[in-house]
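Welcome! Please take a moment to look over the sequence and the model before reading on.

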Amino acid sequence: MVISLHSFLVLAAALASTGVAAGLLAGLLGVGGGIVIVPVFSFVLDMLGYAPGVGMHVAVGTSLATIIATSVASLRAHHAKGAVDLELLRRWAPAMFAAAGAGGFAARHIDGDAMRMVFACVAVLVAVNMTLPGRFVVSDRLPEGAGGRAGLPAVIGFVSSLMGIGGGTLSVPLLTAFSYPARRAVGTASAFGLVIAIPATAGFIWSGMGVEGRPAFSLGYVNLLAAALIIPITMVMARQGARIAHAIAPELLKRLFALFLGATALRMFWSIYAAG
């Protein structure tokens, strides 16, 4: 699909705005930018007339590509503070890496509505988790055996790859539900983001090769123009968001973000219903 100058300018402005919002929210709330990038970018592509299936896949693949860069910066910062659990990373990384790669390669056989459904359902769960008054606790320690070593990280890797998000959105609430220290969960999740994003991005590149109707400057389902615009803006704004976080009540921010996620989920549910 050839993009006009007007559409190109609209796309560039929307992507820059997406990077600002994603970076600020990442710094303010500690969530990965992907949970903002995917719904906004897919909405913009829908508005520009791209096929819904292609738009959602490109949004997810591009989001994963941006996570590679942002996770490196985040991982370095958390590791410098001793907040990365290298032993947990060693145990969880193999299953998480394999499952994330499987999700990326499976994207070739999953339609846009199915991916929207995954994103919308998980967005609702994340929004509910953010609005709960207390922390939900399942156990006082992480599960042992196959469930702890492969089951949980595989679920996190596979679902995160189909949503275009880093590991923090799912792994932090899951880890804290098993009484894992919150600060260490956030720090270790920065490493999970890299473990997920690298194989998943490769999978989305492969899955999108030869697909008709992708935006210009796309490598598979990864839009290089979007990634080039979003990555630097997100990294700069994340630092600003971290500074602002100390001046604004975090509970208010969480509720506002939960409303954003709820509205996003409703829109995705509606688009699936309308398409059916």
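The report below goes from the whole chain to some of its parts.

## The overall picture

What you see is a predicted model. The protein has 10 helices and two strands. Following the chain from the N terminus, you meet the elements in the order α-α-α-α-α-α-α-α-β-β-α-α.

Of the 276 residues in the protein, 48% are buried. About 12,500 Å² of the protein is exposed, and carbon and sulfur atoms supply 71% of that area. Among contacts with a separation of 6 or more, 82% are made by residues 24 or more positions apart.

## A closer look at helix H2

Helix H2 covers residues 34-47. How far apart are its end C-alpha atoms? They are 20 Å apart, which agrees with the 20 Å that its 14 residues should span at 1.5 Å a residue.

Helix H2 is largely enclosed by the rest of the structure, because 10 of its 14 residues are buried. A residue is called buried when its relative accessible area is under 20%. Those of H2 that meet this cut-off are Gly 34, Ile 35, Val 36, Ile 37, Val 38, Pro 39, Phe 41, Ser 42, Val 44 and Leu 45. Just after H2 comes Gly 49, with a positive phi of about 95°.

## Segments marked in the UniProt record

An unreviewed UniProt entry gives the feature "transmembrane region" at residues 58-77, 114-132, 152-178, 185-206, 218-236 and 256-275. How does the model look over two of these stretches?

Residues 114-132 are 95% helix and 0% strand in the model, with end C-alpha atoms 28 Å apart. For residues 185-206, the chain is 100% helix and 0% strand, and the end C-alpha atoms lie 31 Å apart.

## Two residues with positive phi

Most residues other than glycine have a negative phi. With that in mind, here are two residues to find in the model.

Ser 179 is not a glycine, yet it has a positive phi of about 65°. You can find Ser 179 in the loop between helix H7 (168-177) and helix H8 (182-208). Is Ser 179 buried or partly exposed? Its relative accessibility is 30%, so Ser 179 counts as partly exposed.

Phe 217, also a residue other than glycine, has a positive phi near 65°. Phe 217 sits in the loop between H8 and strand S1 (218-219). With a relative accessibility of 52%, Phe 217 counts as exposed, because the cut-off for that class is over 50%.

Note on methods. Residues are numbered from 1 along each chain as its sequence is written. This is a predicted model: local features need pLDDT of at least 70, side-chain atom pairs count only at pLDDT 80 or more; totals for chains, interfaces and linings use all residues. Side-chain values use heavy atoms; hydrogens and water are left out. Helices (H or I, at least four residues) and strands (E, at least two) are DSSP runs, numbered from the N terminus. Buried means under 20% relative accessible area, exposed over 50%, partly exposed in between (1.4 Å probe, protein chains only). Contact means heavy atoms within 4.5 Å. Accessible areas come from the Shrake-Rupley method with a 1.4 Å probe; for residues, only the protein chains shown count as cover. The expected span of a helix is 1.5 Å times one less than its number of residues. UniProt positions are given in the numbering used here, feature names are shortened, and annotations may be inferred rather than shown by experiment.
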